Every structure is written in structure tokens, then in C-alpha cells.
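Subject: Structure handover

Hi,

Here is the structure for you to look over. My notes come below it.

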Number of protein chains: 2
Amino acid sequence: MENQLLPDERIDFLVHPELKIIQSPSVFSFSLDAVLLSRFAWVPIQKGKIIDLCSGNGAVALLLSKRSKAHITGVEIQERLHSMAKRSVVLNDLSQQIQMDLSDIKDAPAHYGYGTFDALTCNPPYFASVHDEDHNQNEHLAIARHEIHCSLEDVIRVSSQLVKQGGKVAMVHRPNRLMEILAFMRQYKLEPKKLQLIYPKSGSEANMLLIEGMKHGKPDLHILPPLTVYDDKGEYTAALKRMFYGEQ
Amino acid sequence: MENQLLPDERIDFLVHPELKIIQSPSVFSFSLDAVLLSRFAWVPIQKGKIIDLCSGNGAVALLLSKRSKAHITGVEIQERLHSMAKRSVVLNDLSQQIQMDLSDIKDAPAHYGYGTFDALTCNPPYFASVHDEDHNQNEHLAIARHEIHCSLEDVIRVSSQLVKQGGKVAMVHRPNRLMEILAFMRQYKLEPKKLQLIYPKSGSEANMLLIEGMKHGKPDLHILPPLTVYDDKGEYTAALKRMFYGEQ
């Protein structure tokens, strides 16, 4: 019963040959952002605790389970998305490793404890919540994409509170928010260590960034090789395919 | 007499077919950094005032003269480098457009006036001046490369003071200083608008960055397409050659 699909839902493959994910085109589907974040983030391999904030339908948490044996907690505020994530965990037989919680990330430090996690990932809403008319008409998508329930500052403050000294916080976001991200990371003692820029095609400006900071880390930022998504024919580049399917 | 070469000096071509530059391998030679900065920076085309700080032997100022009719002031603290720059200006018959001044950039706002320039470029010393033993043995190179006479904060504070409201400040630096650069730019009201990362070869971390801010600008950062310098054969990439020689 747990895995019964609602009318608009379907089961898709999730990049890794052994992973499947429940999603709904009209409610929420995982995107490239989630896949890239799950590859970019540092994770403890054998043991430890990982938390994924703004989990959506659980793509990042599911993908991280293929890179780490650590326990993974996913936090999502939307009941419908949480329900999909929870059923996907069962579908993949990952209930021992992944726990999906329905809650507001702002309550997470009080709930899980300060300094609890070794690593944290987050694919937060990208757009500042300024004007109501700008919001996506679909409420589920609006909450996932706009800072309705949590601001960028909330995400970074809470992330810093949740990880241990030396713990890592990895996030995917838009380049035009980089200055805010760096300012909040500095304010909340997450020192940026790794930055990677994603370009939709050759000759275009970056449209996505991956950034990882260390709680109370020393300043030493590395800018990883750029990743271009599509080649001139509109197909995935070899580099992107390697990130997706191989050599991981 | 002005153009007489000292024993260790020579005249080299400076990228542009019409430009020559006096340099000395044992004292100072222009580098890729200067060329990239001179291409990256916004300049007023027909009129206005440009200033180039930490001018070295004048490569940036000379190259900017091919993109702009504005008056260009170059400021260099080392007498020997300033002498080369001055003689190169004469050699290229650019004395009407370019003025090379021997002085400390920290004195520049008082000397030229606050809010005087439309655009500013700077290829500052890259390395923090911490331990004397780390300094290059050659005094000229040491001053050019280490923050002996001016710190990164000096450079950014002075830059902000020299440009008008809405004026542009472009700098070339190392990626591991990005966090400091952004923090000082924010502190001194230079809003980052354009960032470009330079990678030595495919698959390598970035080893150079170009950044441009606008005095009292609104937050809106664009991350330009990445530039890779060498191909797998160790030769300049087509993109770099285009930047060097064509389509400008």
C-alpha cells in the first residue's frame, strides 16, 4: 500500500541502474540540479550521519545512498512530496538507511540537535519570494522554487547549526545568488572550500553553481573544473555523461 | 634617449600587431594575466578617464589604448618598471593618450581626486606578504608579486575611492583569494557584476580569476563562460587565441 501510486504519479529510473523514484510531472520531478549536488557533495563513506534539506521527492538522499553507508535523513515541508520520497525509499528497499521526515527545516536544529551531522546537502528554492504574482501557479512547484517557507539565510543558518565542527555543507544554487550565499556562509561560519560552475553550453554564462563549505574551516577555496551540460548538437556532453553514469 | 634600452632589456611584441613593449626577463615581463585583464575590463570607448593601478611595465595600459580613446593613467611604484612603461608609451607614440606616473597607489585618491575615473584596472600582487623568506629573491619581482607595498585591502579601498558612482573596477587575481576579494569589494561598495574563471587546461582547477565590480551597483553577478588556456597538446586553445588575436 505504501508504494501505491497516485493517478498523476509514475516510477522513473533515477540515474543509477539500481535506483527508481516516484514522481509526478504535475507536482514535482527531480532535475539535473539534484543529480549534480549528489555527486559534488563530500560524504562520509562508511559511517556517520548525513542530512538532506529541502528533499523534495528524495532524489538527493536516494543518490547519496549509493556513495555512502552513513545514515541519511531527508527533510521536506510539503506533505505530497514527502509522501513520494517516503514511498521511493520503500520501493528501493532503503528504509534501513534513509529516513524521510515531514517538517520545517527551521525546526531541524531543535529536533535533531545542534552539531549532529557530518555532512549536509540542500537543493533549496532558488527564487527570492518578493511578489506573489511571480510565483508559479502550481502551489507545490511554487513552494519548491520560491523562498516561501524558508529564505536563503534560513537555509544557511540552519545548515551551519546542524553540522559538526569540520562538517561539510553542500548546496546547489543560481550564480546570481552567489554574493548572498558567500555573505551568509561567512556570517554563519561555513568557510567555502569548493566551488563548481555549471554552464548550459559552450560560450554561455553559468546557470548553476555547486558550493561546499566547512564549519569553522580555514579559508582555502578551490574552483573545480567547469562542467558544460550540452554540446553543440544539444546532447549531453561526455563530461556530463561521465558524471551521470560512470567513473563514480 | 628616452627609448634607449638598458643592457638587460629588449623590445617585444605585445599581442596587438601595432604594439611593442620594453621588458626585461630579469626584472619584469608582462604575462597572460595582463592580456586577459585588458580584454575583460569594461572601458569607455570614445571619451572618459581610465586608470591602471600596479601598472608594471605598462602592458595593460598599452593594450587598453587599442580598445578606447579615453585618457589612460598608469600608476607604478617601482622606478625601474615605471621607466620601462614610460619608454614603451613613447615607443608606441601614445604619449597623447597614456600618462605613466611613478607613485604609491595609496596616494592616488588624494592626487587624482576621489570619484575621478570611469574605469579602473589592476593586476595587483597575488601573494600575501607574510614571511620574508617566501619572497622572490629578485626585489623587482618580489614587489610585483607580494603584498609588500600594498595589501589586497589597500588595492580595493583605493580602487573604490578613485572611480565615479557607477564606475567599473576590474581586477585579475588568484581563485584562492576570491573570498577576501568579495568581502573587501562588499565592504568598499564595489558590487561584483562579472566573474570569469581561467583554467590552465581541461580538467584542472581554475588558477586565475577576472572580476569586475560597479561602484554602488545593484547585486547582479554574471559568471562568464570559462576560459581554458592550453589544450591537451600544450598549445593555446582556439578560445584563447581568439581572445589574444582576433574578434576583438
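The notes cover symmetry, salt bridges and a surface patch.

This is a predicted model, in which local features need pLDDT of at least 70, side-chain atom pairs count only at pLDDT 80 or more, and totals for chains, interfaces and linings use all residues. Residues are numbered from 1 along each chain as its sequence is written, chains are lettered from A and ligands numbered from 1 in the order in which they are written, and side-chain values use heavy atoms, with hydrogens and water left out.

**Symmetry**

A turn of 180° and a shift of 0.0 Å along the axis lay chain A on chain B, with an RMSD of 0.0 Å. This is the relation of a two-fold axis. In chain A, the C-alpha nearest the axis belongs to Pro226(A), at 3.4 Å. The superposition is by least squares on the C-alpha atoms of residues with pLDDT of at least 70 in both copies. Of the interface residues of chain A, 100% are also interface residues in chain B, so the copies meet through the same surface. Contact means heavy atoms within 4.5 Å.

**Salt bridges**

A salt bridge is a side-chain nitrogen of Lys or Arg within 4 Å of a carboxyl oxygen of Asp or Glu. The count is 20 over all chains. Burial goes by relative accessible area: buried is under 20%, exposed is over 50%, and partly exposed is in between (1.4 Å probe, protein chains only).

- Glu9(B) pairs with Arg87(B), with the closest N and O atoms 2.7 Å apart. The two are 78 residues apart: Glu9(B) sits in the segment before β1 (10-14) of chain B, and Arg87(B) in helix α3 (residues 79-91) of chain B. Helices (H or I, at least four residues) and strands (E, at least two) are DSSP runs, numbered from the N terminus. Glu9(B) is buried at 7%, and Arg87(B) is buried at 5%.
- In chain A, shared partners join Asp8(A), Glu9(A), Arg80(A) and Arg87(A) into one network.
- Asp12(A) and Arg10(A) meet at 3.0 Å, N to O. Asp12(A) is buried at 16%; Arg10(A) is partly exposed at 42%.
- Asp104(A) bridges to Lys106(A) at 3.3 Å. Asp104(A) is buried at 19%, while Lys106(A) is partly exposed at 34%.

**Surface patch**

Leu5(A), Ile11(A) and Leu91(A) form a nonpolar surface patch, with about 200 Å² of accessible area together. Leu91(A) lies in helix α3 (residues 79-91) of chain A and is partly exposed at 31%. Patch residues have over 30% relative accessible area and no salt bridge; like charges are joined within 9 Å, nonpolar side chains (Val, Leu, Ile, Met, Phe, Trp, Tyr) within 5 Å. Areas come from the Shrake-Rupley method with a 1.4 Å probe; for residues, only the protein chains shown count as cover.

Best wishes
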